[in-house]
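Colleague: Could you take me through this model before I start working with it? I would like to hear how far to trust the parts as we go.

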Amino acid sequence: MSDNHPRQVLAEYVASGEQDRVLGEHWQHVRDCPICQRDLQRLRRVEVALRQWPMVSVPAMLNERLLAAARLPRSLEENYPRWTIWLPAVTVVIAIALALLLAPASLHVALNAPPQAAEPSLSFFALDREAGLALWIGMCVALAGIGVTMGLADSRMPDREDLDVLRTRASRAVEHAWRVATHSR
Amino acid sequence: MPLRTRLQPGGSDPLAELVERAKLGDGDALGQIVQRTQQWVYNLGYRILRNRQEAEDLAQEVYVRVWRALPGFRGDSKFTTWLHSIATHASLNRLRSLRRESVAWADSDEMLEHLLDSQQGSESEPYVESQDKEFIWQQVDRLPRKYALVLTLFYQHELSYQEITEVLGLPLGTVKAQLNRARLALADCLREANAE
């Protein structure tokens with residue numbers, strides 16, 4: 001509201017049409033003030049225009065596209081329920097835990113064994129001890145990485161904005177491919 | 001089928017039955033919901049993003065979210081209010097990610113205050129009414145988006161004040177004030193155009 005003219009009040013008055021409740025003490029000023037009267041006229045024109053303001057027209061193909069997109073995600077979740085993510089993740093975690101529990105003993109045995117004569121062998125611990133240890137640790141880290149990655153991927157699902165974009169793009173790609181395939185026949 | 005359903009404040013939700021069916025996986029019900037509400041979603045996206053292609057992509061994302069979240073919809077608010085809320089927030093998130101106008105939302109109240117503080121009146125009003133309308137509709141797209149948004153929800157989508165407060169998460173007084181400021185800004189656009 002400006003210092004001299006109750007412009008906010010005028011705007012509300014024009015929208016509501018309730019003179020007594022809205023204008024109240026300002027009524028006499030508005031009646032006698034030429035600036036407020038001109039404001040009032042313009043606000044009435046704005047109100048008339050806004051009440052006839054049309055919505056933008058929807059593109060012709062949008063309906064089909066929306067239906068295709070709307071039906072896709074839930075069927076994806078039906079095909080890939082959450083347990084399909086959690087079960088492998090839990091399995092990997094258990095495997096890593098077992099590996100970490102069992103590995104030190106077997107490695108300890110292998111590392112403390114007396115050096116044998118150099119014989120060609122394909123066994124795991126026939127490798128150089130340090131190399132074997134590094135390989136073992138590498139496998140554990142890789143398995144842990146897979147488990148963590150899967151876990152993180154699942155924990156991101158409640159946010160889902162990236163997934164939404166990905167699925168939207170995927171559905172558009174499928175839709176485009178379908179059109180190309182059907183037109184090429 | 002009419003795309004535009006007047007939303008009666010406090011009235012029953014005209015889509016309630018379809019929503020219940022869609023929650024159970026009824027694809028036909030979902031199709032009808034999409035058909036009856038897509039213009040709202042598209043129009044809202046267009047008013048915020050001001051780009052038809054972006055509005056199409058946004059509409060698609062909105063229905064993906066709706067379809068997935070529908071089983072969890074408890075009906076505490078009307079479906080249309082819930083849909084508007086999803087569409088509004090998705091539009092604003094998209095707008096932020098696009099970063100087309102870094103200050104448009106944050107907001108360009110300076111421009112609006114400049115308009116509101118201007119006290120010059122014009123002597124003549126040469127515009128005929130049909131020109132007024134076109135001109136005013138065009139000017140909405142020049143307003144800060146938060147004003148365009150409340151105007152869209154109130155005048156085009158015919159949501160009640162209460163529904164707008166639910167969609168935007170704003171107090172009733174703030175919604176009314178934003179609407180009034182938007183009306184005044186448009187009135188000032190008229191005045192400036194007539195003064196030229």
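**Working through the model**

Modeller: Trp27(A) is partly exposed, because 15 other C-beta atoms lie within 10 Å of its own (a residue is buried with 20 or more other C-beta atoms within 10 Å, exposed with 12 or fewer, and partly exposed in between, the C-beta atoms being placed from the backbone). This is a predicted model, in which local features need pLDDT of at least 70 and side-chain atom pairs count only at pLDDT 80 or more, while totals for chains, interfaces and linings use all residues. Residues are numbered from 1 along each chain as its sequence is written, and chains are lettered from A and ligands numbered from 1 in the order in which they are written.

Colleague: Where is the place of Trp27(A)?

Modeller: Trp27(A) belongs to helix α3 of chain A, residues 27-32 (helices are DSSP runs of H or I with at least four residues, strands are runs of E with at least two, and both are numbered from the N terminus). Its C-alpha atom is separated by 9.7 Å from that of Leu10(A), and the two residues are 17 apart along the chain.

Colleague: And Val14(A), buried or exposed?

Modeller: Val14(A), which is found in helix α1 of chain A, is buried, because 22 other C-beta atoms lie within 10 Å. Leaving aside neighbours within four places in sequence, Val14(A) is in contact with Leu40(A), Leu43(A), Arg44(A) and Glu47(A), where contact means that the C-beta atoms of two residues, placed from the backbone, lie within 7 Å. With Glu47(A), the C-alpha to C-alpha distance is 7.3 Å, although 33 residues separate the two in sequence.

Colleague: What does the secondary structure of chain A come to?

Modeller: Chain A has eight helices and zero strands. Of its 185 residues, 16% are buried, and among contacts between residues at least 6 apart in sequence, 65% join residues at least 24 apart.

Colleague: How many residues of chain A are in contact with chain B?

Modeller: 37 residues of chain A are in contact with 42 residues of chain B. On the side of chain A that touches chain B, the elements giving two or more residues are α1 (7-16), α4 (34-51), α5 (62-79) and α8 (161-184) of chain A, and α4(A) provides the largest share, eleven residues. By class, that side of chain A has 18 nonpolar, six polar and 13 charged residues (Ala, Val, Leu, Ile, Met, Phe, Trp, Tyr, Cys and Pro count as nonpolar, Asp, Glu, Lys and Arg as charged, and the others, Gly among them, as polar).

Colleague: Which element of chain A has the lowest mean pLDDT, and which the highest?

Modeller: The lowest mean pLDDT in chain A is that of α8(A), at 66, and the highest is that of α4(A), at 91; pLDDT is the predictor's confidence in each residue, from 0 to 100. Chain A averages 71, with 51% of the residues scoring at least 70. The model as a whole scores ipTM 0.75 and pTM 0.61.

Colleague: Switching to chain B, what does chain B average?

Modeller: Chain B averages a pLDDT of 80, and 78% of the residues score at least 70. Among its elements, helix α8 (residues 145-156) of chain B has the highest mean, 94, and helix α6 (residues 109-117) of chain B the lowest, 43. Over residues 101-128 of chain B pLDDT stays under 50, and the model has 35 contacts beyond four places in sequence for them; residues 1-10 of chain B also stay under 50, with 16 such contacts.

Colleague: How many helices does chain B have, and what share counts as buried?

Modeller: There are ten helices and zero strands in chain B, and 44% of its 196 residues count as buried.

Colleague: Which residues have the most contacts inside the largest nonpolar core?

Modeller: Ala59(B), Tyr63(B) and Val150(B) do, in a core of 66 residues (a nonpolar core is a set of buried Ala, Val, Leu, Ile, Met, Phe, Trp, Tyr and Cys residues joined through C-beta atoms within 7 Å). The element that gives the most to this core is α2(B), with ten residues.

Colleague: And which are the buried residues of α1 in chain B?

Modeller: In helix α1 (residues 16-23) of chain B, the buried residues are Leu18(B), Val19(B) and Ala22(B). They lie on the same side of α1(B), because they cover an arc of only 100 degrees around the axis, the arc being that of the directions from the helix axis to the C-beta atoms. The buried residues of α1(B) pack against α2 (27-49) and α4 (79-98) of chain B.
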